[in-house]
Amino acid sequence: MSFSTVNPATGKVVKEFPLQSDEQVFNALTTADQRYREDWRHRPVAERARIVARAARILREKRDEYATYPTLEMGKVTAQSYAEVDLVADILDYYAKNAEQFLRPQPVPGEPGATVVSEPVGVILAIEPWNFPYYQLARVAAPQIIAGNVVMMKHAENVPQCALAFARLFEEAGAPEGVYTNLFISIDQVAKLVDDFRVRGVALTGSERAGTSVAERAGRNLKKVILELGGSDPALILEDAPMDHAVEQIVMGRTFNGGQGCVNIKRVIVVGKARGEKMLAELKQRFAAIRVGDPTDEKTQLGPIVSERALEGLLNQVAAARAAGATIVHGGKRVDRPGFFLEPTIVTDIAVDNPLHQQEAFGPVLSFYIVNSEEEAIKLANATKYGLGAFVFSADIGHAQHVASLIEAGMVYINSCFVDSPGLPFGGVKNSGFGRELSEHGMGEFLNRKLVRIANAA
């Protein structure tokens with residue numbers, strides 16, 4: 001096993017990076033733990049925040065350089081790579097500006113002399129995926145570093161240059177050794193780190209299988225873990241929803257980032273047969289017009305799937321859905337060109353016993369349903385083990401809010417596919433995981449909320 005840059009637009013190996021030895025890994029852990037205990041946790045919040053704010057400035061100054069790595073390593077369309085860089089800079093700035101307020105001691109109402117203070121806990125191990133190779137890191141690193149924790153980051157094996165670039169941000173910003181540590185390590189080495197007492201918390205974004213394994217190991221070691229495990233996010237198109245707007249949002253929400261996002265729209269559920277058939281016809285036309293190709297070409301709308309393995313997995317999902325009685329309305333085939341490209345795909349006639357009914361398709365594959373009533377739409381939206389995001393489209397905002405309250409999800413967006421912001425908490429329920437990232441809630445996940453109670457001496 002090694003960390004490798006494989007350009008998904010060509011299928012060619014660009015560069016390989018060796019794994020670190022156990023000695024290197026645990027020397028790095030010793031450095032991080034000592035940095036936390038002897039230095040970092042004792043620095044004023046404002047000083048830690050200045051370093052993170054400096055990282056944001058460097059990222060903006062080197063925006064062109066940083067945008068090239070996600071496009072090279074995971075096939076992100078260039079314009080979307082720039083958008084990710086900008087969002088990450090905003091996240092760094094958000095915590096730099098708000099951390100002192102978030103970490104301020106809080107008096108306990110009705111309890112004279114009682115205060116809750118927020119303190120760091122130590123070394124945080126983060127295990128992150130490839131699909132948003134900076135954003136996923138920033139969601140953990142920015143709040144936890146400013147909070148006084150130190151972060152050891154194991155990134156995905158296929159985005160090593162993104163990982164190194166992100167680590168350079170903090171080094172160039174003046175973070176001392178051990179505050180942010182990049183790791184090129186194996187799954188077995190991850191397990192050893194989770195077992196080590198000096199690691200005090202674990203954050204993972206990834207597959208359900210990975211989350212189960214890490215949570216089990218962290219639990220045996222009595223360590224807090226936060227998990228974001230993906231989803232099969234439904235979009236409910238209610239009877240009064242403006243059709244043109246909903247179609248626009250669905251196309252964006254299913255194909256953004258190559259369709260490889262945890263909160264991409266995965267399932268569309270339309271109330272009403274006539275409206276459903278009209279929307280399906282419109283979506284078919286829109287999907288047929290999507291320009292698939294080189295992610296560095298400014299005309300490209302949909303880039304490649306991240307890897308040969310991921311592409312084969314999607315093709316197998318589509319084939320299994322068809323074998324179980326589903327109809328492939330559009331796409332479903334590999335694009336005849338070098339690299340790992342999939343036609344944007346729409347699947348309908350998905351019965352309850354069809355495997356796609358419960359699966360997450362992590363790519364530009366849209367499941368499409370037509371139902372007779374709003375109640376049926378809500379039931380279908382909830383008929384999954386996942387509960388990350390959901391979407392409700394309606395002209396009646398008050399009613400849409402009511403429908404949102406009935407959906408089992410960590411996040412519900414009304415009349416938009418998604419709106420990322422550093423101040424909005426991110427996370428899910430059910431098998432989509434637990435815990436939150438971003439906003440004040442994200443900073444609080446790895447803090448010791450310590451009670452200090454003062455009483456007069458006798």
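Okay, let's start with one residue, lysine 266. Its relative accessibility is 3%, and buried means under 20%, so lysine 266 counts as buried. Before I go on, please keep in mind that this is a predicted model.

So where does lysine 266 sit? You'll find lysine 266 in the loop between α9, residues 243-255, and β11, residues 267-271.

And what does the side chain of lysine 266 reach? There's the backbone oxygen of glycine 231, at 2.9 Å. The side chain of lysine 266 also makes a polar contact with the side chain of glutamate 360, at 2.8 Å. If we leave out residues up to four places away in sequence, lysine 266 touches a list of residues that includes Ser232, Asp233, Arg254 and Gly261. Also among them are Ala361, Val365, Leu366 and Ser367.

Let's zoom out to the whole chain. The protein chain has 14 helices and 20 strands. Of its 458 residues, 56% count as buried. Along its principal axes, the C-alpha trace spans about 75 × 55 × 40 Å. A compact globule with 458 residues would have a radius of gyration near 23 Å, and the protein chain has 23 Å, so the two agree. Now for contacts: take those in the chain with a separation of 6 or more, and 73% of them are accounted for by residues 24 or more positions apart.

Next up, pockets. The largest pocket has a volume of about 1,800 Å³. It's lined by 46 residues, and Trp130, Ser207, Arg209, Ala210 and Arg309 lie nearest its centre. The elements giving two or more residues to that lining are β1 (3-7), α7 (187-195), β8 (199-205), α8 (208-220) and α11 (308-323). Which element gives the most to the lining of the largest pocket? That's α8, with 8 residues. By class, the lining of the largest pocket divides into 19 nonpolar, 14 polar and 13 charged residues.

Then there's the second largest pocket, with a volume of about 300 Å³. Of the 15 residues that line the second largest pocket, Glu177, Gly178, Tyr180, Thr181 and Asn182 are the closest to its centre. Here the elements with two or more lining residues are α1 (22-38), α6 (160-173) and β7 (180-183). The most comes from α6, which gives 4 residues to the lining of the second largest pocket. As for classes, the lining of the second largest pocket has 6 nonpolar, 6 polar and 3 charged residues.

That's it from me, thanks!

Key
Residues are numbered from 1 along each chain as its sequence is written. This is a predicted model: local features need pLDDT of at least 70, side-chain atom pairs count only at pLDDT 80 or more; totals for chains, interfaces and linings use all residues. Side-chain values use heavy atoms; hydrogens and water are left out. Buried means under 20% relative accessible area, exposed over 50%, partly exposed in between (1.4 Å probe, protein chains only). A polar contact is a pair of N or O atoms within 3.5 Å; within protein, one must be able to donate a hydrogen and the other to accept it, and residues adjacent in sequence count only if both atoms are side-chain atoms. Contact means heavy atoms within 4.5 Å. On a 1 Å grid over the protein atoms alone, a cavity is a set of points where a 1.4 Å probe fits but cannot get out, and a pocket is an open set with protein on both sides within 12 Å along at least five of seven lines; lining residues have an atom within 4 Å of a point. Grid points are joined across faces, edges and corners, and a volume is the space filled by probe spheres set on the points. Ala, Val, Leu, Ile, Met, Phe, Trp, Tyr, Cys and Pro count as nonpolar, Asp, Glu, Lys and Arg as charged, and the others, Gly among them, as polar. The radius of gyration is taken over C-alpha atoms; the globule rule is 2.2 Å times the number of residues to the power 0.38.
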